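Here's a quick tour of a fold, helix face and core included. Have a look at the model first, then read on.

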Amino acid sequence: MEVSLCKADLKDAATIHEMKVKAFMPLLEKYQDFETSPANETVERIVTQLNQSCTDYFIILHLEVAIGGIRIVKKDNQIYSVSPIFILPEHQGKGIAQKVFIMVEQIYDEAKSWKLGTILQEKGNCYLYEKIGYKKTGATKVINNKMTMVFYEKHL
C-alpha cells in the first residue's frame, strides 16, 4: 500500500479542515462532544496550530490522494504527542494509520516517548494503539455521559 506524508503549510488549512470534519463527524454525532470534537474545530484554529513552532501537520496521502492528516506536537525533553490523527472513513481499517505511525517515528527518531489520547469507547482505536506499542497511562477524562478520553504513551 502506497502511503506517504506531505508536510502541511498554511495553504493546506482548508483541506485539513474538510478532512477533519469528514473523519470526525461520525464520532461527533455518536458522542455529542460539541466542545472537544475536532469535527467542530474552525479553519482558524487549524491556521493557529499550523503557525505554532511546536506543531507539525502532515497530510496523509494514498496514491498521491489526500486521505487524512496527523498533527505532531513537540513537547520538552524529546516527548512528542499525536493530536490528532485522522483518516477519511472510506480509507479506515486498511492499515494506513499503522504505516503513518511507523513513518512519523522514523521522521522524529530523536523522540524518547510519544503521547496521545483517544475515546475509551472506541475499542478499535484502543486496539490499534496498543497493537503498535502504546500503553494506557491510567489517566482518563470524562467528556460526557457517553464518552471518556483515555490516554496512552509509548516509550522508545
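## One helix, two faces

In α4, the buried residues are Cys126, Leu128 and Tyr129. They span an arc of only 160 degrees around the axis, so they sit on the same side of α4. (The arc is taken from the directions running from the helix axis to the C-beta atoms; buried is under 20% relative accessible area, exposed over 50%, partly exposed in between, with a 1.4 Å probe and protein chains only.) Flip to the other side of α4 and you find Lys123, Gly124 and Tyr127 exposed.

The buried residues of α4 pack against β4, α3, β5 and β7, with contact meaning heavy atoms within 4.5 Å. Helices (H or I, at least four residues) and strands (E, at least two) are DSSP runs numbered from the N terminus. Just after α4, Gly133 has a positive phi of about 105 degrees.

## The cores

A nonpolar core here is a set of buried Ala, Val, Leu, Ile, Met, Phe, Trp, Tyr and Cys residues joined through side-chain atoms within 4.5 Å. The largest has 27 residues, and those touching the most other members are Ile60, Ile72, Val82, Ile85, Val100, Trp114 and Tyr134. Its largest share, five residues, comes from α3. A second, separate core has 20 residues, including Leu27 and Tyr57.

## Cysteines

There are zero disulfides, meaning no cysteine sulfur pairs within 2.5 Å. Cys6 has its closest cysteine sulfur in Cys54, 20 Å away, so a bond is out of reach.

## Fine print

This is a predicted model: local features need pLDDT of at least 70, side-chain atom pairs count only at pLDDT 80 or more, and totals for chains, interfaces and linings use all residues. Residues are numbered from 1 along each chain as its sequence is written, and side-chain values use heavy atoms, leaving out hydrogens and water.
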